[in-house]
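Student: Hi! I'm new to this one and would like a quick tour. Could you put it up so we can look together?

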Amino acid sequence: MNREQMFNAAMIGALVIVPLWAHLVDEPFYITLATRAAILALAGVGLNIVLGMGGLISLGHAAFFGIGGYAMGILASHAQSYEPILMSPFLIEGTKFMPVIWLVAIVAAGLAALVIGALSLRTSGAYFIMITLAFGQMFFYFAISWPSYGGEDGLSIYVRNGFPGLNTLVPIQFYGLCLVILILALGFSAMLARSAFGLALNAARQSAERVETVGIQPFRLRLMAFVISGMITGLSGALFADLNRFVSPTMFSWQTSGEIMIFVILGGVARLFGPVVGAVLFILLEHVLGGLSEFWHVYLGLLLLIIVLFARGGIIGLIAGREAAHD
Amino acid sequence: MTEPVLATKGISKSFGALTASKDISIDLRPGEIHALIGPNGAGKSTLIKQIAGGLRPDTGRVLFRGEDVTGLAAYQRARRGLGRTFQISTLAMEDTVLQNAVLGALGAAGNPYRIVGRALAGGALRDRAEAALVRVGLAEKRMQRTSDLSHGQRRQLEVAVALTLSPKAFVMDEPMAGLGAAGSKALTGFLDGLRAEAPILLVEHDMDAVFALADRISVLVYGEVIATGTVDVIRKNPEVRRAYLGEEA
Ligand SMILES: Nc1ncnc2c1ncn2[C@@H]1O[C@H](COP(=O)(O)OP(=O)(O)OP(=O)(O)O)[C@@H](O)[C@H]1O
Ligand SMILES: [Mg+2]
């Protein structure tokens with residue numbers, strides 16, 4: 001094991017042990033914090049595929065996060081009110097069954113990413129950032145002005161959705177579920193990085209011309225990355241909504257996109273565990289500094305500045321050094 | 001006469017008031033090295049870009065293996081068997097030498113959009129990549145980061161990646177640039193043997209290499225081909241001597 005792998009293993013260890021300890025000493029608040037961190041990390045794992053591997057600065061990932069959240073909110077609110085979503089031409093009812101909610105969240109976010117990606121990936125640089133931002137804002141204003149699902153006030157879900165064999169209302173059980181999903185997503189992300197697709201996407205980030213010269217279409221690589229990324233971030237949105245039992249347009253806001261990007265950069269862009277470290281740090285800072293001052297974002301900004309200026313590999317880069325070249 | 005593998009038919013390209021290509025018709029025949037020479041800024045790279053894709057001519061056509069490829073993107077031309085090296089390296093610098101070579105093999109014979117399985121796993125693609133590295137003498141360096149290679153080694157790697165495509169024609173923009181005497185000589189020997197596999201359109205400033213390798217030479221000046229012919233013909237052409245070789249007539 002190299003240093004980065006050891007660090008990653010320690011990180012997973014901490015994510016298992018600390019919440020278990022909190023469970024044993026009956027401090028559910030810390031489990032909730034850990035759950036938030038795991039879910040945000042999942043969103044970051046999604047973003048890192050376009051940002052890290054693809055080098056694409058998407059400021060619109062809140063769109064997918066929010067779509068996931070609203071997929072959960074809409075399905076669950078219909079289930080709790082017993083009103084079908086659609087009567088004709090065929091009956092579609094709500095559900096409180098997590099696997100179905102996740103599937104809907106993933107598919108809806110993936111479709112949105114396909115459309116947004118197809119339009120925005122024709123541009124690059126600042127234009128790309130602006131277009132993704134604009135799409136995110138479009139969803140934000142749409143959610144605000146959609147009264148059937150709470151508009152500005154959002155939607156509350158009274159009871160957390162269910163998963164077979166678990167009592168998801170028990171914090172440690174819901175946390176376990178989120179952690180398993182995060183670990184699966186990390187495994188998937190590691191697989192991507194080592195795959196032919198990952199090699200090509202990484203090369204396209206460094207030199208689109210290089211990739212074209214060997215007969216590969218950079219646009220197609222990036223669109224695939226964008227869709228996969230959107231799906232993962234969409235799933236995290238559904239979990240986030242389930243954690244809070246609440247969805248609101250805030251999930252779509254550009255601040256959400258910015259926060260995901262900030263903690264991925266803090267943790268380490270393009271590093272497998274970058275989003276995990278970043279999300280944990282983000283939650284800790286929010287908890288510690290947020291208790292000291294309501295302007296804790298200023299300190300977050302300072303930290304971000306330091307990392308960007310002095311540690312391009314983020315926290316992981318500081319601890320584990322330059323990424324080892326793959327064998 | 002045998003059909004040319006690659007040909008331009010009356011290609012013109014302007015950047016504002018500057019005419020970078022003026023009604024250029026050149027071709028590349030099987031088995032030959034066709035050198036394209038001309039002073040700095042003559043429009044050699046601009047012509048190469050229009051042939052390889054990435055820059056669309058204002059008028060004229062590009063034919064590759066009998067097909068009009070003028071409207072095709074660079075990656076589509078590469079898929080049809082056009083191998084290219086650049087004047088300024090475009091390698092993936094953070095990747096290893098082997099990764100760069102495997103990328104070529106993937107584009108040529110694999111599925112670069114595959115998300116399962118390891119790109120660098122042993123198999124036909126990896127063999128193809130390694131074989132190309134062996135041919136240019138970079139096998140020992142395969143695990144090195146490309147950014148750690150010397151300038152000359154990067155040039156060799158560009159050629160190796162082009163080789164992984166098993167191209168039907170090569171287009172090379174100043175492959176000898178910055179190589180030094182020994183490096184140029186080695187690459188000259190290599191290209192000499194390569195023409196039997198696929199013809200080469202070679203942009204080159206190194207006149208020793210050009211005179212040693214070229215079957216034909218075209219001279220480009222101010223976006224215009226002022227002469228095409230064998231080495232002897234070009235050497236003797238007074239217009240070429242005046243315009244390019246810098247001699248008083
Ligand atoms: N995208 C562009 N926009 C405007 N002008 C350009 C562009 N590309 C090239 N030119 C101009 O076209 C002319 C030809 O450039 P080109 O790079 O093709 O020359 P070259 O023959 O390859 O020169 P060198 O020997 O220095 O490589 C130059 O005057 C250059 O400044
Ligand atoms: Mg040039």
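Student: Which oxygen or nitrogen contacts hold up here: how far does a polar side-chain atom of Gln87(B) lie from an oxygen atom of ligand 1?

Tutor: Keep in mind that this is a predicted model. In it, that distance from Gln87(B) to ligand 1 is 2.9 Å. Thr46(B) also has a side-chain N or O atom 2.5 Å from an oxygen atom of ligand 1, and for His205(B) the value is 3.0 Å.

Student: And how much of ligand 1 does the protein cover?

Tutor: The protein covers 62% of the 640 Å² of accessible area that ligand 1 has on its own.

Student: Okay, how many residues surround ligand 1?

Tutor: There are 14, and the closest include Gly41(B), Lys44(B) and Ser45(B). By class, the shell has 5 nonpolar, 7 polar and 2 charged residues. α1(B) gives the most to that shell, with 3 residues.

Student: New topic! What about the two chains: how many residues of chain B are in contact with chain A?

Tutor: 38 residues of chain B, in contact with 31 of chain A. Together the chains bury about 3100 Å², with 59% of that on carbon and sulfur atoms. In chain B, Leu103(B), Tyr113(B) and Ile115(B) lose the most area to chain A.

Student: How many salt bridges does the rule find across that interface?

Tutor: It finds 2. Arg210(A) forms a salt bridge with Glu158(B), where the closest N and O atoms are 3.5 Å apart.

Student: Which element gives the most to the side of chain B that touches chain A?

Tutor: That's α3(B), with 8 residues.

Methods. Residues numbered from 1 in each chain as written. Chains lettered and ligands numbered in written order. Predicted model: local features only at pLDDT ≥ 70, side-chain atom pairs only at ≥ 80, totals over all residues. Heavy atoms only, no water. Near = heavy atom within 4 Å. Polar contact = N/O pair within 3.5 Å; in protein donor to acceptor, adjacent residues only side chain to side chain. Areas by Shrake-Rupley, 256 points an atom, 1.4 Å probe, with all protein chains shown as cover. Helix = DSSP H or I, 4+ residues; strand = E, 2+ residues; numbered from the N terminus. Nonpolar A, V, L, I, M, F, W, Y, C, P; charged D, E, K, R; others polar. Contact = heavy atoms within 4.5 Å. Buried area = accessible area lost by both parts, 1.4 Å probe. Salt bridge = Lys/Arg side-chain N within 4 Å of Asp/Glu carboxyl O.
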